[in-house]
Amino acid sequence: MKCPFCQHDETQVLDTRVSEEGDSVRRRRRCGQCDKRFTTYERIELSMPIIVKKNGSRTEFVSTKLRGSLMLALRKRPVAAEAIDTAVTRIEETLLTSGRREVDSGYVGELVMLELKRLDKIAYIRFASVYKNFEDLAEFQDAIAEVGQPAKPRK
């Protein structure tokens with residue numbers, strides 16, 4: 001670790017402590033050349049993969065865009081906010097644990113469709129119709145068949 005005062009490369013760790021939250025390590029250091037002391041913090045850095053769009057452009061992953069897409073598909077549907085939060089978290093965890101630095105937007109779309117299929121079949125069809133760019137009734141019928149037969153009305 002370089003000394004912030006004299007830029008010397010040799011520093012000595014005097015004290016190491018874990019933060020109260022347990023999410024960082026605080027280290028007191030002393031420079032071997034100028035003898036000044038300073039503090040450094042070590043934290044976990046998690047970075048989401050870059051999203052590669054269909055046109056080849058790249059953009060940062062934005063959690064609010066993901067949530068907005070889910071909310072739009074789930075508009076006026078009886079799905080709890082906690083369930084939506086859980087879906088967003090699952091998608092983010094899948095992206096983080098993939099270990100990939102870049103992912104296609106299509107992959108994210110498939111993850112969204114998987115979560116919507118779990119949450120609400122109607123929202124899934126809504127999202128799929130836009131995402132897959134349905135052009136005729138047959139494509140809707142195929143999507144409906146994919147999520148299962150509709151429940152028969154009760155007598």
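**Exercise 1.** Find the residue of strand S3 that stands opposite Arg30, then work out how the strands on either side of that pair are joined.

*Solution.* A quick word on ground rules: this is a predicted model, where local features need pLDDT of at least 70 and side-chain atom pairs count only at pLDDT 80 or more, while totals for chains, interfaces and linings use all residues. Residues are numbered from 1 along each chain as its sequence is written, and side-chain values use heavy atoms, with hydrogens and water left out.

Step 1: Arg30 faces Arg37 in S3. Strands here are DSSP E runs of at least two residues, helices are H or I runs of at least four, and both are numbered from the N terminus.

Step 2: S2 and S3 (residues 37-43) pair in the antiparallel sense over 7 bridges; pairing takes at least two DSSP bridges between the strands. Their hairpin has 5 residues between the strands, and Asp35 takes a positive phi near 65 degrees there.

Step 3: now go back along the chain. S1 (residues 11-18) and S2 (residues 24-31) are antiparallel too, over 7 bridges, with Val13 opposite Arg29 in S2. This hairpin also has 5 residues between its strands, and Gly22 in the turn shows a positive phi of about 80 degrees.

**Exercise 2.** Work out what Thr11 touches beyond its neighbours up to four places away in sequence.

*Solution.* Step 1: place Thr11 in S1.

Step 2: list its contacts (heavy atoms within 4.5 Å). They are Met1, Lys2, Cys3, Arg29, Arg30, Cys31, Gly32 and Phe38.

Step 3: look at Met1 again. Its backbone oxygen lies 3.1 Å from a polar atom of the Thr11 side chain.

**Exercise 3.** Count the disulfides, then check Cys6 and Cys34 one by one.

*Solution.* Step 1: the count is 0, with a disulfide taken as two cysteine sulfur atoms within 2.5 Å.

Step 2: for Cys6, the closest cysteine sulfur is in Cys31, at 3.5 Å, which is too far for a bond.

Step 3: for Cys34, the closest is again in Cys31, at 3.7 Å, also too far.

**Exercise 4.** Sort out the open sheet of 3 strands.

*Solution.* Step 1: the order is S5-S4-S6, with mixed pairing. The edges are S5 (58-59) and S6 (102-104), each pairing on one side only.

Step 2: S4 (residues 50-52) runs parallel to S6 over 3 bridges, and Ile51 has Val103 as its bridge partner in S6.

**Exercise 5.** Take apart the largest nonpolar core and see which side of H1 is buried.

*Solution.* Step 1: the core has 25 residues, with Leu70, Leu74, Leu95, Val112, Leu116 and Tyr124 making the most contacts inside it. Such a core is a set of buried Ala, Val, Leu, Ile, Met, Phe, Trp, Tyr and Cys residues joined through side-chain atoms within 4.5 Å. H1 (63-73), H2 (81-97), H3 (105-119), H4 (121-131) and H5 (137-147) each supply at least two of its residues.

Step 2: Leu116, leaving aside neighbours within four places in sequence, is in contact with Leu70, Ala73, Leu74, Lys121, Ala123, Tyr124 and Phe127.

Step 3: in H1, Leu66, Leu70 and Ala73 are buried. They cover an arc of only 65 degrees around the axis, so they sit on the same side of H1; the arc is that of the directions from the helix axis to the C-beta atoms.

Step 4: Thr64, Lys65 and Leu72, on the other side of H1, are exposed. Buried means under 20% relative accessible area, exposed over 50%, and partly exposed in between (1.4 Å probe, protein chains only).

Technical notes:
Polar contact = N/O pair within 3.5 Å; in protein donor to acceptor, adjacent residues only side chain to side chain.
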